[in-house]
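This briefing introduces a single protein structure to a first-year student. Please look through the structure shown below before reading the points that follow.

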Amino acid sequence: MQSTQSVNAFKETTLNHPRLAQTIKKLGLAIRQAELGSLVFVFGPTGVGKSTLAGYMREKLDMELRANGGFDASSLPAAIIEAPYPDAREFSWKEFYRRCLAVLHDPCAHKKVADPRCAAFTWPARLDSRAPGHELRMAFENALLYRKVRVLIIDEAHHIAKGTSAASLTEQLTYIKSLANLTGTVFVMVGTYELLAFRNLSGQVSRRSLDVHFPRYRLDDEQEKRIFHSIVKSFAHILPLPCDVNLHEMMDELYVGSLGCVGLLSGWLLKAVKLAIDDGDGTLRKCNLDDAMYSHDQMNKMIDELLEGEQLLTPPKDSLNLLKTRLGVAGGIGPAKMDVSTEQKKRNPPFTRKPVRDPVGVPA
C-alpha cells in the first residue's frame with residue numbers, strides 16, 4: 001500500500017523547469033494581449049508537457065480573473081476541455097458540445113443531450129430544418145455566457161483536424177473563430193505540431209490569433225544540456241524506490257529515450273518504477289528502464305513528427321526580403337529591383353539620345 005501511495009505521489013508530481021516556466025509566462029502574456037474572441041495556439045512535440053501546462057494555466061487564470069472581481073460562485077472564468085479523438089472519419093462537434101456542457105456544469109445538460117434534435121442522425125423535416133446539433137451549439141454558447149467563461153482551453157486540439165481535408169480545415173478554423181467571437185471568449189488551442197495545419201489558413205484568423213511554442217530541450221545547446229542534466233538529477237531525488245543505477249551516468253540514453261521532453265522522461269520513469277514493483281524486488285534497475293523504454297519504431301515516428309514540426313516553425317533566411325519584394329519595398333530582391341529598372345526605362349524612351357558631353361570650340 002505504501003508503495004502504491006508513493007507511486008501515485010510521484011505520478012502527480014509536477015517538476016518545475018525553465019522550459020515550462022518560460023512557456024507559462026509566454027502563454028499568460030499572449031492571453032492578456034488577446035482580444036475577446038481571439039485564438040491562441042500552443043503547440044509542441046509529443047510528451048513535452050502540454051497537458052500539464054494546460055491544467056496549470058486553467059488554475060492560474062481562474063485565480064487571477066476571480067481576483068479582479070465580477071465573478072460569483074456560479075462563474076467559471078477559465079475552463080478546460082479535451083477534444084475527443086473522432087470515432088468516425090471527421091471530428092464530431094456534437095460530441096465536443098456534450099462534453100463541454102458537462103465540464104461547464106450545465107444544469108439541464110442531460111435533457112439537451114437526450115433531445116432528438118441533438119442526435120447524430122439526420123433530423124426529420126417535421127422537427128426542424130436546421131442542421132443536426134444546432135441546439136447543442138446554442139446550449140454551449142449560452143453556457144459560456146452564463147458561466148462567464150473568459151478563457152476556454154481545448155487540450156488535444158489537433159484532434160479537430162483529424163480526417164479533415166485541406167479545404168475543410170479552413171472551414172473548421174472559421175467555425176472555431178465564430179464560436180470565440182460570438183461568446184467573447186479567448187480559445188486556447190493546445191496540441192502537437194499537427195496543430196500547425198490550422199495556422200495562417202486565412203488572413204482574418206491570422207490577425208486575431210497568437211502562437212506559443214513549447215519546445216524540447218536540445219543537447220546541441222550547452223545551456224539547455226546543463227538544464228536537462230539538472231532535471232534528471234531532480235527526478236533521481238524524488239523516485240519512490242531505491243535505484244541501483246546512477247541516472248546521471250545514463251544521461252545520453254535518457255535523452256534519447258525522452259527526446260529531450262520532460263513529459264516523456266517522467267512517463268518513462270513512472271513505467272519503469274511500476275515494472276520494478278511488479279517484479280517484486282522493489283529496486284529500480286537498468287533492466288526496468290530498458291523494458292519501459294518506447295520501441296525504436298515508436299521513437300523514430302516521434303522524431304519524424306518532431307523534426308518536421310520544428311522545421312515548419314523555422315522561417316527561411318530570406319523571408320524578410322521576400323516580404324519586402326512582394327510589397328515593392330526598396331531593399332527587396334527580385335521584382336523590387338526590376339521595378340527600378342522599369343522606371344528608368346520610362347524616363348528614357350527608345351531612340352532617346354543618352355546624355356553625353358559634346359566637344360566645344362573651333363577645331364584648329
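Strand β3 (residues 151–155) pairs with β4 in the parallel sense, over 4 bridges. The model is predicted. The points below begin with the strands, then turn to two loop residues, the aromatic side chains and the largest pocket.

**Strand pairing**

- In the pairing of β3 with β4, Ile153 has Val188 of β4 as its bridge partner.
- Strand β1 (residues 39–43) is also joined to β4, by 5 bridges, and these two strands run parallel.
- Within that pairing, Val42 finds its bridge partner in β4 at Val190.
- β1 pairs as well with strand β5 (residues 209–213), again in the parallel sense and over 5 bridges.
- The partner of Phe41 in β5 is Asp211.
- Taken together, β4 has pairings with β3 and with β1, while β1 has pairings with β4 and with β5.

**Burial of the strands**

- Is β4 mostly covered or mostly open? It is mostly covered, as 6 of its 6 residues are buried.
- On one side of β4 the buried residues are Val186, Val188 and Val190, and on the other side they are Phe187, Met189 and Gly191, so that both faces of the strand are covered.
- β1 is largely enclosed by the rest of the structure, because 5 of its 5 residues are buried.
- One face of β1 carries Leu39, Phe41 and Phe43 and the other carries Val40 and Val42; these residues are all buried, and both faces are covered.
- Two bridge partners named above, Val42 of β1 and Val190 of β4, are thus among these buried residues.

**Two loop residues with positive phi**

- Lys148 is not a glycine, yet its phi is positive, at about 55 degrees.
- Lys148 is placed in the loop between α6 (134–146) and β3.
- Lys148 has a relative accessibility of 30% and therefore counts as partly exposed, the class between under 20% (buried) and over 50% (exposed).
- Glu156, which is not a glycine either, also has a positive phi of about 55 degrees.
- The position of Glu156 is in the loop between β3 and α7 (166–183).
- With a relative accessibility of 22%, Glu156 counts as partly exposed.

**Aromatic side chains**

- How many aromatic pairs does the structure hold? There are 10 aromatic pairs.
- In the pair formed by Phe91 and Phe96, the ring centres are 6.0 Å apart and the planes meet at 55 degrees, so the pair is tilted; a pair counts as tilted when its planes are neither under 30 degrees nor over 60 degrees apart.
- Phe91 is buried, because its relative accessible area of 7% is under the 20% limit.
- Phe96 is likewise buried, with a relative accessible area of 0%.
- Phe96 belongs to helix α4 (residues 93–103).
- Pro86 is 10 residues from Phe96 along the chain, and the C-alpha atoms of these two residues are separated by 9.7 Å.
- Phe91 and Phe96 also take part in a cluster, in which ring pairs link them with Trp93, Tyr97, Phe140 and Tyr175.
- At another ring, that of Tyr217, the charged end of Arg19 sits over the ring, 5.5 Å from its centre.

**The largest pocket**

- The space in the largest pocket amounts to about 670 Å³.
- Its lining consists of 29 residues, and those nearest the centre of the pocket are Gly49, Ser51, Thr52, Gly263 and Ser266.
- Which elements each supply at least two residues of the lining? They are α1 (2–12), α3 (50–67), β4 (186–191) and α11 (262–278).
- α11 gives the most to the lining, with 6 residues.
- By residue type, the lining divides into 10 nonpolar, 14 polar and 5 charged residues.
- β4 therefore appears in two settings, as a strand whose 6 residues are buried and as a contributor to the lining of the largest pocket.

Technical notes
Residues numbered from 1 in each chain as written. Predicted model: local features only at pLDDT ≥ 70, side-chain atom pairs only at ≥ 80, totals over all residues. Heavy atoms only, no water. Phe/Tyr/Trp six-rings, centres within 6.5 Å; stacked < 30°, edge-to-face > 60°. Buried < 20%, exposed > 50% of the residue type's maximum accessible area, 1.4 Å probe, protein only. Lys NZ or Arg CZ within 6 Å of the ring centre and 35° of its normal. 1 Å grid on protein atoms, 1.4 Å probe; cavity = no way out; pocket = protein on both sides within 12 Å on 5 of 7 lines; lining within 4 Å. Points joined across faces, edges and corners; volume = space filled by probe spheres on them. Nonpolar A, V, L, I, M, F, W, Y, C, P; charged D, E, K, R; others polar. Pairing = 2+ DSSP bridges.
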